[in-house]
Amino acid sequence: MTAPASSAFSDAHAAWHAGVEAARTAPYGPLSPTAMHWLTEAPAELPGLPGRWSADRDGLVTVELGAADGVARDGVPVSGTIELGPLTGIAGTSLTWGEILLDVAARSGRIVVRPRDPESPDRRDYAGTGVFPPDERWRVTARFVPAARDGVAVASAAGPDALQHYDSPGTAEFEIDGRPLALTLFGSAERGDLRAIYADETGRDLTFPAARFVSVETIDAETVVIDFTRTTNPPCAYSESATCPFPPPENRLPVRIEAGELRDRGSDSSRCPPTPGLPPRHRVRAKCRPRAIAPMMSACTSSQ
C-alpha cells in the first residue's frame, strides 16, 4: 500500500507527530522515569528516595516522611505519616521532591512509585523517532461491531505475570489488501479515548515489536476510522520503567502495517537479545531494556 499523500495530509501528519514528540520529551513525560519501585505491605525505604513507603491490599499508600526530606504535596510541604489513595485500576497521584516528581500509581493490582526526573538519561539522550512516509491509504474505514466486555485482561510490561484490565466496547472490522482483519478496541467514543493496542509483521524489522498504539475515530454508530499513519510507540519502547499494556492475542495482525512510528532512533540493538520464536533470517532486536525485555519478548512471540 503505497501512494503519495496530499500536501495537506502530509502537513497535518507532520504537525501531529511534532505534538507527539513534544509530549514525549516533556520534562515529566514518558522519558523522565528513572526507576520503578513496587510497594509491599511492609514499610521500606526506596533506593535513593526519601521516606519509608508501604501499600495495603486496598491500594492505600502510606509514606513516613521527615520535615528535612523536603517533600511537598500540591505545592505544600508535608511530613509525618502521609496517606495517598486508595489507588485502584490505573489511578495515580504524585508528590514532589525538589525537581523530582514522585509518581505513585496503581498498576496490575499493585502500587508502583516512579521518580520522574527532567534530567533522566532516557530524556537527555533521546534522538527522536522516525515515521513511515504518510500515506492516505493507511487511513482505514472500518465497521464497528458492538460487543461490550468489561475488564479485558492484557499482558503488561510491569512483569511476566502482570495483567492490566481495560473495558472494550467492541471490535473494528476492515480489510488490508483484500484480507479481512479485526481489532479489539478499548476506551469509548464518549470519553474520547477509543483506541487499539496492536502489533503487526513490521515488528520483525522496522517497528517496536511488543506493541503499537493508535487512536480510533468514531464516524457513526456503525463506522470508525483507524488512521494507522498516526500509530505511536508505547512508553516501554523508550524506558524500562514503563508499565505499558500489550495487545490481546487477537490484535496481533498477520500483515505489515507500514505506517506510523518506527523504532526509536536511539536503539542500541547490539546489546539486545534477538526476538525469540523467529527463524534466524527474521530475528530482530528491539531497544534493550534489561528488566523489561523478557516480558516484552514473551508477549511478542505469539505474533511472530
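**Exercise 1. Determine in which sense β8 and β9 pair, and over how many bridges.**

Solution. Start with the strands: β8 covers residues 92-97 and β9 covers residues 100-107. The two pair in the antiparallel sense, over six bridges. Terms: helices (H or I, at least four residues) and strands (E, at least two) are DSSP runs, numbered from the N terminus. Two strands pair if DSSP finds at least two bridges between them. This is a predicted model: local features need pLDDT of at least 70, side-chain atom pairs count only at pLDDT 80 or more, and totals for chains, interfaces and linings use all residues. Residues are numbered from 1 along each chain as its sequence is written, and side-chain values use heavy atoms, with hydrogens and water left out.

Next, the turn. Two residues sit between the strands of this hairpin, and G98 takes a positive phi near 65°.

**Exercise 2. Find the partners of W97 in β9 and in β5.**

Solution. On the β9 side, W97 has I100 as its bridge partner. On the β5 side, V71 stands opposite W97. Strand β5 (residues 71-73) pairs with β8 in the antiparallel sense, over two bridges.

**Exercise 3. Classify G192 as buried or exposed.**

Solution. Locate G192 first: the loop between β14 (179-185) and β15 (195-198). Then apply the cut-offs: buried means under 20% relative accessible area, exposed over 50%, partly exposed in between (1.4 Å probe, protein chains only). G192 has 66% relative accessibility, so it counts as exposed. One distance to add: the C-alpha atoms of G192 and V216 are 9.1 Å apart, with these positions 24 residues apart along the chain.

**Exercise 4. Classify the aromatic pair of Y126 and Y238.**

Solution. The whole structure holds five aromatic pairs. Rings of Phe, Tyr and Trp (its six-membered ring) pair if their centres lie within 6.5 Å; planes under 30 degrees apart count as stacked, over 60 as edge-to-face and the rest as tilted. For Y126 and Y238 the centres are 5.7 Å apart and the planes stand at 80°, so the pair is edge-to-face. Y126 lies in the loop between α2 (121-124) and β11 (129-131), Y238 in the loop between β17 (223-227) and β18 (261-264); the pair therefore ties together parts 112 residues apart in sequence. Y126 is buried at 17%. Y238 is buried at 2%.

**Exercise 5. Do the same for F174 and F228.**

Solution. Centre to centre: 5.9 Å. Between the planes: 55°. The pair is tilted. F174 lies in strand β13 (residues 163-176) and F228 in the loop between β17 and β18, so parts 54 residues apart in sequence are tied together. Both F174 and F228 are buried. They belong to one aromatic cluster with W138 and Y198.
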